[in-house]
Amino acid sequence: MNPYNKRLAFVGDSIGRNQWESLLCLLSTAGTNKSSIYEVNRRLITKHTGFFVFKFAEFNCTIEYYGAPYLVQQSRPPAGSPKQVRTTLKLDKMDWGSVKWKGADLIVFNSGHWWNSEKMIRGGYYFQESEDVKINTSIETAY
């Protein structure tokens with residue numbers, strides 16, 4: 001993909017964030033004017049969650065990162081859910097931050113690292129569609 005006049009977004013977990021950081025480094029070496037590369041919200045790159053938008057003015061492109069480890073909304077369980085359900089992943093609703101990456105020319109999603117039994121079922125995470133908690137839905141099916 002030619003980066004000129006494009007908006008590229010990485011969405012997901014720390015693996016996607018590492019890919020985003022690597023691309024920032026690669027593109028920064030291609031530019032001749034280092035002062036034309038900046039984070040549009042004036043944020044320093046730290047390991048906090050959230051998002052970053054780097055503008056490469058020389059190419060008129062942005063390279064963005066949005067932390068959303070599950071890609072879908074995490075929520076409290078609905079009333080009447082079984083006690084083992086501490087958190088639900090709403091499979092029918094995109095992450096709250098999805099409005100920010102809408103309209104990107106290319107989106108790289110990465111979340112598979114979080115979809116495992118160690119991090120989910122043992123942590124009390126279950127799947128939800130509408131108001132229905134899916135106690136017996138496998139991780140593979142939900143993903």
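Author: Let's begin with a definition: a charge sits over a ring if NZ of Lys or CZ of Arg is within 6 Å of the ring centre and within 35 degrees of the ring normal. Keep in mind that this is a predicted model.

Reader: Okay, so which ring does the charged end of arginine 17 sit over?

Author: That would be the ring of tyrosine 65, with the charged end 5.7 Å from the ring's centre. You can find another case at arginine 43, whose charged end sits over the ring of phenylalanine 51, 4.3 Å from its centre.

Reader: Now for charges that meet charges. How many salt bridges does the structure hold?

Author: The general idea is that side chains of opposite charge can pair when their charged atoms come close. In this structure there are 5 salt bridges. One of them joins the side chains of arginine 7 and glutamate 64, at 2.7 Å from N to O. Arginine 7 belongs to strand E1 (residues 7-12) and glutamate 64 to strand E4 (residues 61-67), so this pair ties together parts 57 residues apart in sequence.

Reader: Is glutamate 64 buried or exposed?

Author: Buried: its relative accessible area is 3%, and the cut-off for buried is under 20%.

Reader: Which residues are linked in a network of salt bridges?

Author: Look at Glu129, Asp132 and Lys134. Lysine 134 meets glutamate 129 at 3.6 Å, N to O, and it also bridges to aspartate 132, where the closest N and O atoms are 3.0 Å apart. Here the residues are partly exposed: lysine 134 at 23% relative accessibility, glutamate 129 at 36% and aspartate 132 at 40%.

Reader: And the rings? How many aromatic pairs are there?

Author: The structure holds 12 aromatic pairs. Among them, tryptophan 20 and phenylalanine 52 are stacked, 5.5 Å centre to centre with 20° between the planes. Tryptophan 20 is in helix H1 (residues 14-30) and phenylalanine 52 in strand E3 (residues 51-56), so the pair ties together parts 32 residues apart in sequence. Tryptophan 20 is buried at 0% relative accessible area, and phenylalanine 52 counts as buried at 0% too.

Another stacked pair is tryptophan 115 with phenylalanine 127, at 5.8 Å centre to centre and 5° between the planes. Tryptophan 115 sits in the loop between strand E7 (106-110) and strand E8 (125-129), while phenylalanine 127 is in strand E8, 12 residues apart. Both of these residues, tryptophan 115 and phenylalanine 127, are buried.

Reader: Which residues form one aromatic cluster?

Author: Tyr70, Trp114, Trp115, Tyr125, Phe127 and Tyr143 do.

Methods
Residues are numbered from 1 along each chain as its sequence is written. This is a predicted model: local features need pLDDT of at least 70, side-chain atom pairs count only at pLDDT 80 or more; totals for chains, interfaces and linings use all residues. Side-chain values use heavy atoms; hydrogens and water are left out. A salt bridge is a side-chain nitrogen of Lys or Arg within 4 Å of a carboxyl oxygen of Asp or Glu. Helices (H or I, at least four residues) and strands (E, at least two) are DSSP runs, numbered from the N terminus. Buried means under 20% relative accessible area, exposed over 50%, partly exposed in between (1.4 Å probe, protein chains only). Rings of Phe, Tyr and Trp (its six-membered ring) pair if their centres lie within 6.5 Å; planes under 30 degrees apart count as stacked, over 60 as edge-to-face and the rest as tilted.
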